[in-house]
Amino acid sequence: MIPLVTACDQVETGIASGEVQVGLVDGDLGIAHSVCPTTRVGFTAGGAAIVETENLYGRILGTGILKGSLAISRKTEVYASIEGLRYDSLIAPISSSAIGPGYTDLGLSTQVFATDTYVLAVQGKLVLPTAFTIDKHSWPLAADVGFAASWDPSRHWAVHGSLMGMYGMATSGGPIYPRAGITLDLGGEWHATKGFSLVVDARGGFLYTDPLDVVSAGLGIRGAIGKHAGLALEVVKPLAGRERTLAAGELRFDWRFK
Amino acid sequence: MTRTLPSLLALLALIGCDKPRCLDGDDTCVMPTPCPEVTYTCDGGYSEAYTLGEGQAAPGGMAALAATGDVVLGNDKVVMVIDALDHPHYIAPTGGAVLDFSVRGKDDDSLRHIFTATGLLPEEAAHYTSLKVIDEGGTTAVQVLGTLDGYPDIPIATRYEIRPCEPGVRVRTEIANGTPDALSMYLTDAFYWGDRANLAFTPRPGGGFNHPSFGLTTISEAFYDVPFMVAGMHSQPGATYGVVSCDEETESGFQSVYVSAMGPSPRVFPSRDWQVYERFLLATDGPSVSGGADVALELRDMLWDEPFVTITGKVEAPGGHIGDTMRAAITLSDGDTPWTNIVPNADGTFSARVPASIQTLGIEVEAFGQVVLTSTADIAGKDADVGTLTLPGVGEVSINVTIDGAEDHALVFVIPSDDATEEAVSSTTFGVWDPCAPLLGLPHGGSPGCNRVLVDGSTTIALPDGNYDFYSAAGPFSSLGAMTNVHIDADTSQSVLLEISSLPVQPAGTLSGDFHVHGAASFDSEIPDLDRVKAFLASRIDVIATTEHDVVNDYADAVAELGAEDRLELITGSESTGHVLFHFRDDYSFPEVIGHWIFWPIPFDPTGPYRGAAYDEKVEPGMLFQKEKEAGWDSDIGVNQLNHPFGGTQFGRDYSWASAAGFDLTQPLKTEYDGTGQSLYFHTPEGSAFSNADYDVQEVMNGSKNENYLQYRALWFYLLDQGIVRGGTANSDSHSLTENVLGTPRNVVFTDTTLADFDLAAFDTDVRSGHSIGTNGPIILASIGTHSPGIESFTPAGDDALSIEVDAAPWVPVDEVRIVVNGVVVQTLTDLSVPADPFGTDGIIRITTSIPLADLLPATGDAWIVVEAGTALATNADLDCNGTPDTGDNNGDGVIDWHDVADLTEDPGVDCLATVGPLAEPPEPERGDPDWIFRTVTPNGYPLSFTNPLLLDRDGNGFSGASK
């Protein structure tokens with residue numbers, strides 16, 4: 001049941017909504033998309049770092065991603081991201097680096113329940129093995145599926161959350177290393193104005209690489225430029241768990257068509 | 001077609017057809033035959049694989065270590081030994097690696113180890129957990145499965161396969177990244193040469209034996225791609241080894257005298273990705289790189305359709321010295337890319353392959369380490385005979401040495417008489433190792449080595465033109481035989497006779513001993529056993545603990561061949577030398593090893609792993625002592641020695657326990673263990689009956705140069721101050737004829753046992769008790785009343801005096817005698833007699849004196865006294881504030897500060913520097929000075945000796961350290 005006016009209809013600018021979009025797994029696996037269908041294109045410059053001096057290990061990851069979404073109805077959106085450039089530099093006694101295309105996502109989100117304050121959507125995406133110059137012999141394929149929800153109790157406040165199941169494996173002649181896990185996210189947005197918001201998230205990842213993959217905090221600053229453009233700066237800081245990333249972040253520019 | 005097939009195979013590999021077969025944990029898996037493009041045929045070829053049983057013959061050679069339980073993989077051409085999983089060697093954490101590799105029937109194994117790794121860190125080495133021998137259906141292989149040592153989620157599998165007729169072994173390694181993280185991976189064969197041995201040769205512009213130097217933090221800059229790597233073992237008998245990739249046209253790696261690494265280029269290894277690496281490991285007999293390069297080019301013809309041509313010719317030298325007393329080497333190049341290096345046959349003929357793509361062949365001939373002929377030949381990509389290459393003439397010298405009128409074993413030093421000759425003849429071995437003047441032979445092989453010649457009767461050598469001095473001494477207690485300014489002309493012959501006399505320098509009731517000696521069984525030595533024993537005899541030493549790195553060796557065959565059984569006593573022992581880095585200190589984040597420790601006696605086991613020594617990796621010293629005891633070290637009568645306690649690292653491996661533990665000599669040792677380095681000294685590792693402090697003696701002098709004496713002495717004194725008393729020793733740490741001179745320095749042990757009726761237990765008791773002096777020349781006889789130096793304390797009478805006599809051969813200058821009380825030099829005696837003729841036999845006694853203790857000791861309290869004699873020590877300071885001197889006044893401005901530190905260019909602005917050194921040494925003497933004459937047979941050294949401590953228990957309740 002979708003009412004005539006939902007929480008999503010109250011967003012009139014290019015400002016982003018929903019949880020912090022910075023992921024720690026290739027292809028941003030386990031990260032829920034906004035529950036509000038929009039038609040956008042955007043570009044994201046991202047990066048992540050691992051610094052483990054004691055293990056003589058470090059990693060610098062830089063990405064350039066083209067993103068787009070298409071609202072095919074008031075409740076349904078398809079989206080995709082193409083990591084056109086991925087620079088992966090590993091710092092070790094014998095260092096190495098690679099540069100080339102990264103991963104490609106194809107996803108779909110559809111609302112299954114919506115009111116003027118609540119929205120619940122079912123989402124899923126497929127992460128395709130397009131990092132041709134980095135993955136030499138095996139082709140990782142992954143998918144996530146789950147629920148994302150938002151609650152907008154006032155003009156200034158919104159709460160969002162998601163529960164995503166993840167699965168990944170290699171497609172190659174070698175070991176496939178299947179992995180499955182879940183990601184749980186709970187966060188909130190404060191809309192200071194129609195054109196500026198802050199977002200915080202607490203996120204937990206479980207079972208994918210370890211019983212506790214990660215507990216992380218996310219923080220984002222989002223703004224609208226005019227009616228169509230949006231800009232977001234978001235970072236994620238792992239706080240606990242197996243995850244080795246020191247911090248990850250991205251700067252995102254969107255153009256919203258409708 | 002021949003180009004198409006490899007390309008097709010490469011494409012198939014890319015799309016997954018050459019998939020890994022043994023990474024899923026299934027022990028029954030079978031990997032395919034590596035390098036299917038390689039084909040050899042012959043008549044009568046065969047292959048075999050078997051586990052070496054008790055009493056079964058294993059391939060021999062200077063580096064051979066095959067033990068019962070290891071696996072032999074052989075054919076009609078070569079024999080390879082894969083070490084058993086529970087016989088890990090050197091850097092590898094488990095067996096399953098290549099331990100020995102020789103040419104069939106040649107017993108020429110000169111390989112230390114080849115193991116598989118994916119990086120430099122210990123956790124990046126393959127840790128194999130299963131081994132399968134396959135010898136059925138015409139397939140002969142060994143397959144090992146496991147994981148990386150520090151990554152249980154990274155499976156690795158290797159197959160060694162041998163086929164009839166082939167001059168090597170095919171190898172395939174599979175690996176997958178089962179971790180969630182991307183890693184930097186360099187899948188490689190690590191060729192552990194160990195130093196002073198195999199020299200890697202790679203064809204690339206400006207390459208050959210020339211490789212970029214690097215440190216652990218700059219290693220990425222030393223990588224380059226080459227079509228193959230071949231390593232020549234120039235000391236004989238030895239083999240040449242090489243590797244050719246079957247997957248890619250070039251391989252990537254770095255080369256050094258310690259380690260070569262070759263494999264696919266380092267790459268980002270994403271989670272779940274995998275890699276397969278196939279290569280051909282080859283071995284050919286003899287010293288010539290060309291033997292291996294010939295096979296490498298043959299393989300590349302099969303793999304990549306790169307044809308080769310064969311170049312023949314002959315090298316001639318007037319007098320016919322080639323292959324006899326004069327060693328020549330020929331490099332064939334294409335422009336600035338050397339493709340092969342040839343040691344010609346004894347008759348001067350040679351034959352070698354080069355790529356057929358070469359139109360104009362560059363030819364360069366070296367003799368005595370110097371280029372003596374260059375030319376070119378237009379070969380136009382065809383087989384060619386380059387004719388006779390005639391080298392400049394050389395002179396010839398017949399050297400003989402008599403000791404007390406009879407010919408005997410002696411080590412003769414050939415030294416340029418003037419700067420012009422020195423400059424003209426100084427050269428290196430293919431640009432590697434330190435220069436020699438002249439370079440008579442490989443510096444770390446048999447005689448002649450560098451500028452030193454072992455003689456026993458008349459021995460003839462070839463020499464380039466120039467003026468030379470010839471020196472020899474029968475150890476530090478004889479006269480010096482010398483013949484100076486001998487002019488050598490090309491194509492002429494000379495005779496040199498050096499006459500040496502024994503002198504009454506070594507006190508009666510003593511035996512001289514060197515307790516730190518290496519030969520070819522050590523990973524960093526290649527001197528053949530026979531020459532090693534000749535050097536023993538030339539040094540006129542009585543007792544030698546043969547202490548090979550990590551293994552035990554028995555020189556019995558060489559001793560018997562020389563009929564030397566009655567001339568010296570050899571005790572088998574071993575020097576434990578850490579290779580596998582690990583964390584043993586909570587206050588230091590980088591992995592280390594625990595330095596070097598010597599144990600004797602350990603029985604020699606000719607068929608056992610490590611020949612009787614213990615596996616010694618990743619344990620604290622106390623556990624090492626326990627493991628050596630369990631392996632056979634007789635701790636009840638034997639000796640356990642802390643070697644060169646301060647020092648740096650070799651390829652990231654610590655030489656020295658005190659440095660590795662980070663002892664701060666400005667602070668007392670901690671008696672309670674808290675994980676810090678300072679608390680490790682007394683720590684008893686779990687499961688051991690020994691604490692880390694349970695060693696018997698410490699080296700105070702190590703090596704002929706005495707370069708770190710001040711630091712070793714600082715630790716010894718620091719411990720004495722705290723009442724921790726260990727005997728001090730002085731050892732040569734000799735590895736060859738070239739660097740440290742065997743028996744210099746040495747211990748003169750006061751003992752009741754004799755060489756004729758040697759009692760090891762009694763001798764070792766005296767060594768442990770410090771009943772000895774350490775010396776490279778001067779003898780110090782020190783006593784207080786009836787008490788002599790040692791670890792037993794005594795209570796002196798009120799009017800006792802310190803009696804001192806210093807003796808030395810006339811060629812050993814003794815400038816001063818230092819009396820050290822509680823770590824401080826309280827008196828320096830300089831009124832010593834000087835012999836009139838350093839080449840004579842008179843003037844042995846330099847000083848006899850007696851000093852009342854009241855003039856030396858503090859008013860009250862226990863005290864210790866050490867007496868030193870020799871050259872005045874250089875002044876050094878402790879700039880890193882750890883209590884050990886580290887830096888001298890290297891810029892000569894009279895102040896020791898950061899300006900004197902070699903690696904600093906600006907003031908760090910801190911009181912305690914993180915970077916220090918080098919230590920200053922006594923100034924270099926002028927040619928012809930008495931100190932210069934001493935240096936002719938003690939290269940770069942200066943006269944030095946020390947006594948063990950006189951421990952004064954002045955309050956009668958036991959010696960408890962220094963009262964300050």
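Where in chain B is the place of B:Lys618? B:Lys618 sits in the loop between β40 (596-600) and α6 (621-631) of chain B. Helices (H or I, at least four residues) and strands (E, at least two) are DSSP runs, numbered from the N terminus. The phi of B:Lys618 is positive, about 60 degrees, although B:Lys618 is not a glycine. B:Lys618 counts as partly exposed because 19 other C-beta atoms lie within 10 Å. A residue is buried if 20 or more other C-beta atoms lie within 10 Å of its own, exposed if 12 or fewer, and partly exposed in between, with C-beta atoms placed from the backbone.

The model is predicted: local features need pLDDT of at least 70, side-chain atom pairs count only at pLDDT 80 or more, and totals for chains, interfaces and linings use all residues. Residues are numbered from 1 along each chain as its sequence is written, while chains are lettered from A and ligands numbered from 1 in the order in which they are written.

Chain B has 10 helices and 58 strands. Its C-alpha atoms fill a box of roughly 100 × 70 × 60 Å along the principal axes. The radius of gyration of chain B is 29 Å, which agrees with the value near 30 Å for a compact globule of 964 residues. This radius is taken over C-alpha atoms, and the globule rule is 2.2 Å times the number of residues to the power 0.38. Of the 964 residues, 58% count as buried. Two residues are in contact if their C-beta atoms, placed from the backbone, lie within 7 Å. Among contacts in chain B between residues at least 6 apart in sequence, 69% join residues at least 24 apart.

Chain B also meets chain A. Here 28 residues of chain B are in contact with 27 residues of chain A. Strands β10 (183-185), β18 (267-269) and β19 (274-285) of chain B each supply at least two residues of the side that touches chain A. That side divides into 15 nonpolar, seven polar and six charged residues. Ala, Val, Leu, Ile, Met, Phe, Trp, Tyr, Cys and Pro count as nonpolar, Asp, Glu, Lys and Arg as charged, and the others, Gly among them, as polar.

Chain B is assigned domain 1 (4-303), domain 2 (307-390), domain 3 (395-500), domain 4 (509-776) and domain 5 (781-874 + 921-964). These bounds come from an automatic or database domain assignment. The centres of domain 1 and domain 2 of chain B, taken over C-alpha atoms, are separated by 30 Å. Between them, 17 residues of domain 1 are in contact with 14 residues of domain 2. Helix α2 (residues 289-304) of chain B gives the largest share of the domain 1 side, seven residues. By class, that side has seven nonpolar, six polar and four charged residues.

An open sheet of three strands in chain B has the order β23-β20-β26, with mixed pairing. Two strands pair if DSSP finds at least two bridges between them. The edge strands are β23 (349-355) and β26 (384-390) of chain B, each pairing on one side only. From one strand to the next, the twist averages 25 degrees. Helix α2(B) packs on this sheet and touches β20 and β23 of chain B. Its direction makes about 35 degrees with that of β23(B). Axes are lines fitted to C-alpha atoms, for helices over the stretch in contact, and angles run from 0 to 180 degrees between N-to-C directions. Strand β20 (residues 308-316) of chain B pairs with β23(B) in the antiparallel sense over seven bridges. One bridge partner of this pairing is B:Ser351 in β23(B), opposite B:Thr312.

Strand β14 (residues 229-232) of chain B is buried on both faces. B:Met229 and B:Ala231 point one way, B:Val230 and B:Gly232 the other way, and all are buried. Three bridges join β14(B) to the antiparallel strand β12 (residues 199-201) of chain B. There, B:Ala200 has B:Ala231 as its bridge partner. Three bridges also join β14(B) to β15 (residues 239-245) of chain B, again antiparallel. B:Val230 stands opposite B:Gly242 in β15(B). A hairpin of six residues links β14(B) to β15(B).Two peptide bonds are cis. The bond joining B:Ala437 and B:Pro438 has omega about -5 degrees, and the bond from B:Gly917 to B:Pro918 has omega near 10 degrees.
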